Amino acid sequence: MRIWNATLTYETRGGGHTLDLTPDLERVIASWGVRQGNGVCFVPGSTAALTTIEFEPGVVRDLAEALERAAPAGVPYHHDRAWGDGNGYAHVRAALVSPSLSFLVRDGRLVRGTWQQFVLCDFDNRPRTRRIEVQVIGTPGQTEP
């Protein structure tokens, strides 16, 4: 067994900006030579989240609209009264979605459905630099003698 770690960094616009992480995750996993394993992605911070979705404009918009109904912007939040930063809704949305995702690596590839992508959602009310911490525990591929 071996452990691999990486940090992916993204500039986001906030306001529900959603980014497809899948190509970067696949590239990192391939570069490590992981054959089989279990992994996790984690976004530090309390106003961003990770999930899986079909990354196409309609579904991305549907998710944003569903979260607006669940945790609307522009209504009073206790957080906003305490801190005055106006992003209470972003904290609630991030908590509803989750800061982490687990995944499998099988035969050197990220296991996912045909239309399933791994995405970062930044709910904050301003642009941010976001880090995604990636860790895989597994077995490396065989090397040629």
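# Exercises on a predicted model

M1 is exposed, with a relative accessible area of 78% (buried is under 20%, exposed over 50%, partly exposed in between, using a 1.4 Å probe and protein chains only). The model is predicted: local features need pLDDT of at least 70, side-chain atom pairs count only at pLDDT 80 or more, and totals for chains, interfaces and linings use all residues. Residues are numbered from 1 along each chain as its sequence is written, and side-chain values use heavy atoms, with hydrogens and water left out.

## Exercise 1

Determine which nonpolar surface patch contains M1.

Step 1. M1 is found in the segment before β1 (2-12); strands (E, at least two residues) and helices (H or I, at least four) are DSSP runs numbered from the N terminus.

Step 2. Together with I3 and I137, M1 forms a nonpolar patch on the surface, with about 350 Å² of accessible area in total. Areas come from the Shrake-Rupley method with a 1.4 Å probe. Patch residues have over 30% relative accessible area and no salt bridge; nonpolar side chains (Val, Leu, Ile, Met, Phe, Trp, Tyr) are joined within 5 Å, like charges within 9 Å.

## Exercise 2

Give the strand order of the open sheet that contains β7, and find its edges.

Step 1. The order is β2-β7-β4, with antiparallel pairing; strands pair if DSSP finds at least two bridges between them.

Step 2. β2 (17-20) and β4 (48-53) each have a single partner strand, so they stand at the edges with one side lacking a neighbour in the sheet. From one strand to the next, the twist averages 30 degrees (axes are lines fitted to C-alpha atoms; angles run from 0 to 180 degrees between N-to-C directions).

Step 3. Between β4 and β7 (residues 117-122) there are six bridges. T51 has V119 in β7 as its bridge partner.

## Exercise 3

For the salt bridges of R35, R61 and E68, state what each one joins.

Step 1. The whole structure has eight salt bridges (a Lys or Arg side-chain nitrogen within 4 Å of an Asp or Glu carboxyl oxygen).

Step 2. R35 pairs with D107 at 3.5 Å. R35 lies in β3 (residues 34-42) and D107 in the loop between β5 (100-106) and β6 (109-110), so the pair ties together parts 72 residues apart in sequence.

Step 3. R61 and E65 pair at 3.0 Å. Both are in helix α2 (residues 57-70), four residues apart, or about one helical turn.

Step 4. E68 and R93 meet at 2.3 Å. E68 lies in α2 and R93 in α4 (residues 88-97), so this pair ties together parts 25 residues apart in sequence. E68 is partly exposed at 33%, whereas R93 is buried at 8%.
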